[in-house]
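Here is a short tour of a protein chain and the ligand it holds. Have the viewer open as you read.

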Amino acid sequence: MVTSSAPGKVYLFGEHAVVYGEPAVPCAIEKRARVTAREIDEGLRVHVDDLTLDGYTVEYSDGDGHPDLEVDESLVRAGVGYINEAVSQAREVADRPDAGFEIVVESDIPLGAGLGSSAAVVVAAIDAATRELGVELTPEEIADRAYRVEYEVQDGQASRADTFCSAMGGAVRVEGDDCRRIEGVGTLPFVIGYDGGAGDTGELVAGVRQLREEYEFAADTVGAIGDIVREGESVLGTDDYEALGKLLNFNHGLLAALGVSSRSLDAMVWAAREGGAAGAKLTGAGGGGCIVALDETDGALTALRYTPGCEDAFRAELDTDGVRRE
Ligand code: PMV
C-alpha cells in the first residue's frame, strides 16, 4: 500500500492571458490531496473521502463495468472520473494492464474552486499507483502523464499549468507548453478567500476571447497582464511583498476590466486589502470562487471572515514540495 500527496495551486499572476501565449505564474499551496493505492486482484474500487463534503464517502467500482451506485457530477469531479484515467496511466507505465486497485482519496483542497483540486488528485494518484506497482516516475514524467489524464477527462480543455505546478511544487512559470520551476522564491504568505461558488471556465475564456477580438484595447489589456507577469518574476524572491502586492492589485484590475471578476470576488479582494494585505486578486478563471491575498499578519484573514459572501478563508503558504510519498 502506498500513499502519495500533491498540492493545490493559486495563480499569482497571468491567468486568462496565458491562453494567448503570455506567461503565467501558478504557485503550489500548502493544501494537499492524498491518495492511497493498494493493489487488489482485479478492477478498481475508489473511495472519495472529501473533507469539504462532511466525510461523505462514495464507493465506485468498475469491476463488472458498472458503478456500484449513482455518483453525482460534483463527486465525479472530486476524483472518481480522473482516478480511472490515472490508474490506466500506472497500468501502462508498469506494463500491467490487468492490475486491480483500491484507491482512497482524501483532500483538503476545496472542489471546483480554481485551486487545482483535480490536478492534485491525479498527480498523487499516478504517483501512488505506479509506486504500488514498483515503478518510480520523476515529477516531470508524472506532470506529463497527469496532463494527459486531464486532457482526456476534460475533452481537450486542459492547460499544463495545474498538473505541472502540483507535480513540481513551488512557483512555476508557464508559457505555452513550456513549463519550468522558478528557483529562489522564498516564503509567500498567501491568504485565500472562497465564496463557495465557481465560474464557468469555458464561458469566461470565451468572453475574454470575444472582447480581445472586438477591441484593440482589450488585446492590449491581455498584453499588459503579460507585462505584469514579467515584472512580477523579477520581484519574486526579493521578499518585497509590497511590490508584489501592488502587482497583484494591478493584475486584478485588468482581469476585472476583462469582465471575469464578480461582486463577491471584488468584495473579498477589497476586504483583504482593507485588512492590511499587501495586495489581492482573483485566482483562476474567475466569475466566482477564490481570491488570493498576500499578508503576513492575520488582518486579511480576519477581514475576510467578516465579509458577507466569503464562505471560507484560510492561510496556505507557498508549498515548495510537489508530489511526494507520505
Ligand atoms: O480556474 P482554473 O484554476 O482552472 O484556471 C483557469 C485559467 C485560465 O487561464 C482562465 C484558463 C486556462 O486554461 O489557462
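## The ligand shell

Which domains give the shell around the ligand at least three residues each? The answer is domain 1 (2-183) and domain 2 (190-315), with bounds that come from an automatic or database domain assignment.

The residues around the ligand, meaning those whose C-beta atom, placed from the backbone, lies within 6 Å of it, include E15, H16, S159, T201 and G284. By class, the shell has 5 nonpolar, 6 polar and 1 charged residues; Ala, Val, Leu, Ile, Met, Phe, Trp, Tyr, Cys and Pro count as nonpolar, Asp, Glu, Lys and Arg as charged, and the others, Gly among them, as polar.

## About the model

This is a predicted model, where local features need pLDDT of at least 70 and side-chain atom pairs count only at pLDDT 80 or more, while totals for chains, interfaces and linings use all residues. Residues are numbered from 1 along each chain as its sequence is written.

## The whole chain

The C-alpha atoms of the protein chain fill a box of roughly 55 × 40 × 40 Å along the principal axes. Of its 326 residues, 51% are buried (20 or more other C-beta atoms, placed from the backbone, within 10 Å of a residue's own).

## Helix α3

Helices here are DSSP runs (H or I, at least four residues), numbered from the N terminus. Helix α3 covers residues 139-153, and its buried residues include I142, A146 and V149. Just after α3, D155 takes a positive phi of about 50°.

Definitions and conventions
Buried ≥ 20, exposed ≤ 12 C-beta atoms within 10 Å, placed from the backbone. Helix = DSSP H or I, 4+ residues; strand = E, 2+ residues; numbered from the N terminus. Expected span 1.5 Å × (residues − 1).
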